[in-house]
Amino acid sequence: ILVFPISHKGRDINIYAKRSDLSLSYYYDGCGPSFRLTNIARINKLSSKREMKIMQELETLEIKIPKIIGFYESDIEDFLFLEEVKGKFPDKYFENHRREIIKQDSKMLALLCLAGYRKIGFNDFDDKIFDGESLYLIDVDECRDLYFPLDTNYRKVLLNPNDSAKLDEFREKQKNIFEFALKDAIYRYRDSLTPDKDSQNYYIECFSDKIGWGKLSDQKINDLANFPENYMTLDSYLSMMSDTG
C-alpha cells in the first residue's frame, strides 16, 4: 500500500494506492509432490480490479467504504486508488459511541451476508474506521464466498419452479449460515464491542432487523448469545485445519 497527498477537486487529500495481493501457500516439508521443484502449493492473486468490484458491490448495499478515486491496470501491475477515511479504529470510540458502533457493525455484517461474503477477521478492527458518525469498511481483500462450504448446485435449486423442496432446503441452510456468522461475531466481540448481555442482545436485534428476520423471541436471542464450552468460530476452525492439514 502506497500513501501520498494530492489535490483533488480543490481539496487536499491523502490517497491510498493498493496493489494486487499475492498470497502463497506451501506444502509441509516432505509432503509435497515429488515432481515439484519448490514447496509452493498454490499461488492466489487478488487483483485490484476484483477488490474494486467488491467495494462497488458493497457500496450499492449501503456499506460505507472509502471513496474510489481511480483504477490503473497494466500488463505488469495494477492499483486501486482510494481516498483516506478520516477517523480512528472503532475501539477508540467505545466510551461514547459503543451503541452506535454496535448498530452499524451488526448491520454491516448482515449486509455482507446478504451480498454473499464472509469477511475473514470481521471482528478485528484494523479493517474498519469510525469517524464519529459512520463506520467504514476500508479493506475487502479478505472477503470470501460465504457459501463455499455448501457447494450448492444453484441450477438444481432454481431450475424447476414447481418444485420448491430444494429451494426450501437451501433457504434453511442459508439461514443457518447467517446465524453462525452472527454467533461467531458475538463470540469474538465478548471482550471488546459486546461485553455484556444487553450489548449482545442489541447486536442481535439490529442484525435480525437488517437481515429481514424481524423481532426474535427471547429464547432465540438467548440461544444466539450462548456458547458451549468448546465453541469454535469458522475462522478458528479453518485456521486450525490449515495448520494441521
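1. Helices and strands are named here as DSSP runs, numbered from the N terminus, with at least four residues for a helix and at least two for a strand. The model under review is predicted. On that naming, H2, strand E7 (117-119), H4 and helix H7 (234-244) each contribute at least two residues to the lining of the second largest pocket.

2. The second largest pocket encloses about 460 Å³ of space. Its lining comprises 20 residues, and those nearest the pocket centre are Arg118, Phe180, Ala181, Asp184 and Leu234. Helix H4 makes the greatest contribution to this lining, namely six residues. By residue class, the lining of the second largest pocket consists of 13 nonpolar, two polar and five charged residues.

3. The largest nonpolar core has 49 residues, and the members touching the most other members are Leu58, Ile63, Phe178, Leu193, Tyr203, Ile204 and Phe207. At least two core residues come from each of helix H1 (48-60), strand E6 (78-83), helix H2 (94-115), strand E9 (135-137), helix H4 (165-188), helix H5 (197-211) and helix H6 (218-224). The largest share of this core is that of H2, with ten residues. Helices H2 and H4 thus appear in the account of the core as well as in that of the pocket lining.

4. Tyr203 merits separate mention, being one of the core residues that touch the most other members. With residues up to four places away in sequence left out, Tyr203 touches Ile102, Asp105, Ser106, Leu109, Phe122, Leu182, Ala185, Ile186, Tyr189, Leu193 and Thr194.

5. Strand E6, which supplies at least two residues of the core, is also paired with another strand. Strand E5 (residues 68-73) and E6 run antiparallel and are joined by five bridges. The two strands form a hairpin, with four residues between them. Within this pairing, Tyr72 has Phe79 of E6 as its bridge partner.

6. Is Asn14, a residue of strand E2 (residues 11-19), buried, partly exposed or exposed? Its relative accessibility is 26%, and Asn14 is therefore classed as partly exposed, since that class lies between the buried limit of under 20% and the exposed limit of over 50%.

7. The surroundings of Asn14 may be described further. Apart from neighbours within four places in sequence, Asn14 is in contact with Phe4, Pro5, Leu82, Glu83, Glu84 and Lys86. Asn14 and Lys67 lie 53 residues apart in sequence, and their C-alpha atoms are 11 Å apart in space.

Terms used. Residues are numbered from 1 along each chain as its sequence is written. This is a predicted model: local features need pLDDT of at least 70, side-chain atom pairs count only at pLDDT 80 or more; totals for chains, interfaces and linings use all residues. Side-chain values use heavy atoms; hydrogens and water are left out. A nonpolar core is a set of buried Ala, Val, Leu, Ile, Met, Phe, Trp, Tyr and Cys residues joined through side-chain atoms within 4.5 Å. Buried means under 20% relative accessible area, exposed over 50%, partly exposed in between (1.4 Å probe, protein chains only). Contact means heavy atoms within 4.5 Å. On a 1 Å grid over the protein atoms alone, a cavity is a set of points where a 1.4 Å probe fits but cannot get out, and a pocket is an open set with protein on both sides within 12 Å along at least five of seven lines; lining residues have an atom within 4 Å of a point. Grid points are joined across faces, edges and corners, and a volume is the space filled by probe spheres set on the points. Ala, Val, Leu, Ile, Met, Phe, Trp, Tyr, Cys and Pro count as nonpolar, Asp, Glu, Lys and Arg as charged, and the others, Gly among them, as polar. Two strands pair if DSSP finds at least two bridges between them.
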